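The following exercises concern a protein model and its chain-to-chain contact. Please inspect the sequence and the structure before working through the solutions.

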Amino acid sequence: MLAEEPLPPDLLATAREVLLNELLPALPPGKALAVRMVANAIAIATRAAAEPAWEDDALARMAGGPCAFAAAIREGRFDPGTAGHAEAAALLDDITRARCTVSAPRALGKA
Amino acid sequence: MDEARRARLTAWLRAASGDAALAIEGMALLSGGAIQQNWALDVSGGRAWVLRTDNAATLAVSHGRAQEFALLRAAHAAGVTVPEPLFLCGDAGVTGAPFFVMRRVAGTAAAHRVVRSDTLGGGREACVRALGRELARIHAITPPRAALAFLGEPPADPCGAFVADQRAALDRQRTPRPALEWGLRHLERTAPPPVPPVLVHNDFRTGNIMLDDHGVTAVLDWEFSVWSDPHADLGWLCAKCWRFGNDAQEAGGIGPRAALYDGYGQVEDARVRWWELAAHVRWASIAVDQAERHISGVERNLELALTGHMVPGLEWEILRMVEARDAR
């Protein structure tokens with residue numbers, strides 16, 4: 001409400017349209033890869049700016065924090081058949097889904 | 001490359017080739033290679049060569065040029081389709097970094113083009129069958145080999161060694177990677193029994209294999225080779241993360257898995273599947289390392305930065321593969 005509009009996600013998306021629709025066709029073919037990488041970076045930043053906060057919830061569910069969680073997995077404390085297996089698997093799914101939503105939505109079957 | 005370097009290179013090539021009249025008629029930087037630079041050399045007498053040298057920053061896990069040259073020679077002698085290795089220069093004083101020269105080979109390796117083509121490599125089935133034969137020739141190279149001593153002692157248990165190496169790599173990283181740990185723990189729980197190690201190319205995938213309309217013209221990029229389980233190469237090639245979006249063609253996005261296996265000979269499918277999961281973990285770890293080169297300032301580069309953002313997608317695939325394998 002206090003920030004000036006259009007907000008950053010809109011600005012980024014609009015800049016990306018200009019890049020792909022106006023600049024890319026005007027540039028030599030040798031620059032196409034670089035333009036597509038810039039467009040990809042803008043797309044990641046756009047999705048990150050629009051994503052609701054998720055890290056605090058994930059950390060609250062992770063007893064001892066990420067290092068302890070990773071070490072416990074390595075030690076086999078969340079292997080199939082253990083009491084914490086399903087919960088750990090669900091937590092990993094939630095974290096990874098949130099990370100993919102920003103970085104790699106195609107992995108989730110989203111364009 | 002500036003004039004002084006080019007003059008030093010000409011003198012060096014004259015001595016190495018025994019041709020005192022040798023002249024470099026053309027020199028152009030070829031595309032590709034985050035780690036190496038490849039220069040196309042047009043040399044007098046109609047000779048078409050490639051000079052391969054290091055980029056500014058190199059990955060700690062990759063071999064140097066002298067080692068890659070030795071691997072190329074071993075592969076060439078074993079009948080693997082590789083560019084013929086010609087000369088090695090370990091003296092950084094000539095061009096600024098060690099380099100080697102090999103014969104230039106025609107064809108394309110561009111992954112997105114390769115997976116879209118129904119004709120490259122002689123057609124999809126013929127191509128992956130030929131790739132199977134190439135792998136079988138590579139895997140006929142077995143330890144010990146004096147010229148490949150730099151590869152170190154062959155592991156008694158290649159699968160166990162893989163898990164240990166990947167954990168050591170994770171321990172070197174700045175942040176914990178619980179999803180990769182999840183994959184590694186599954187690999188540890190389900191590791192198949194040891195097999196005698198052979199030479200594994202370790203980056204045998206679409207993008208590193210040069211093709212023309214008739215077949216395979218070159219297996220490239222030998223810098224990650226190790227003594228390991230031969231199924232590691234089959235798993236790396238078949239891993240979904242290396243199909244470049246053409247998931248239905250399970251052998252590298254190029255052709256059917258059955259034709260690859262058929263060309264290879266005897267394949268233990270369950271072992272290949274283990275290495276496919278392993279491939280996702282290893283590629284994720286390499287991607288983290290590449291992004292780290294950007295983040296740390298060693299090499300500020302947009303491609304490296306974006307590679308880091310491939311990690312979550314690889315982690316998602318690892319979680320799905322582990323879930324499916326545990327449900328069997």
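The exercises below treat the interface and then a surface patch of this predicted model.

**Exercise 1.** Determine how many residues each chain brings to the contact and what area is buried between chain B and chain A.

*Solution.* Step 1: chain A supplies 28 residues to the contact and chain B supplies 24. Step 2: about 2300 Å² is buried between the two chains, and carbon and sulfur atoms give 68% of that area. Step 3: on the side of chain B, the residues that lose the most area to chain A are Trp182(B), His309(B) and Trp316(B), which together give 29% of what that side buries.

**Exercise 2.** State how many salt bridges and polar contacts join chain B and chain A, and which elements of chain B touch chain A.

*Solution.* Step 1: there are six salt bridges between the chains. Step 2: one salt bridge pairs the side chains of Arg99(A) and Glu315(B), with an N to O distance of 2.9 Å. Step 3: six residue pairs across the interface are in polar contact, with both residues at pLDDT 80 or more. Step 4: helix 5 (158-172), helix 6 (178-189), helix 10 (302-308) and helix 11 (311-326) of chain B each give two or more residues to the side that touches chain A. Step 5: helix 11 of chain B gives the most, with eight residues.

**Exercise 3.** Locate Val18(A) and explain why it can belong to a surface patch.

*Solution.* Step 1: Val18(A) lies in helix 1 (residues 8-26) of chain A. Step 2: a patch residue needs over 30% relative accessible area; Val18(A), at 33%, is partly exposed and therefore passes this cut-off. Step 3: Val18(A) forms a nonpolar surface patch with Leu23(A) and Leu27(A), together about 220 Å² of accessible area.

Conventions
Residues numbered from 1 in each chain as written. Chains lettered and ligands numbered in written order. Predicted model: local features only at pLDDT ≥ 70, side-chain atom pairs only at ≥ 80, totals over all residues. Heavy atoms only, no water. Patch = residues over 30% accessible without salt bridge, like charges linked within 9 Å, V, L, I, M, F, W, Y side chains within 5 Å. Areas by Shrake-Rupley, 256 points an atom, 1.4 Å probe, with all protein chains shown as cover. Salt bridge = Lys/Arg side-chain N within 4 Å of Asp/Glu carboxyl O. Helix = DSSP H or I, 4+ residues; strand = E, 2+ residues; numbered from the N terminus. Buried < 20%, exposed > 50% of the residue type's maximum accessible area, 1.4 Å probe, protein only. Contact = heavy atoms within 4.5 Å. Buried area = accessible area lost by both parts, 1.4 Å probe. Polar contact = N/O pair within 3.5 Å; in protein donor to acceptor, adjacent residues only side chain to side chain.
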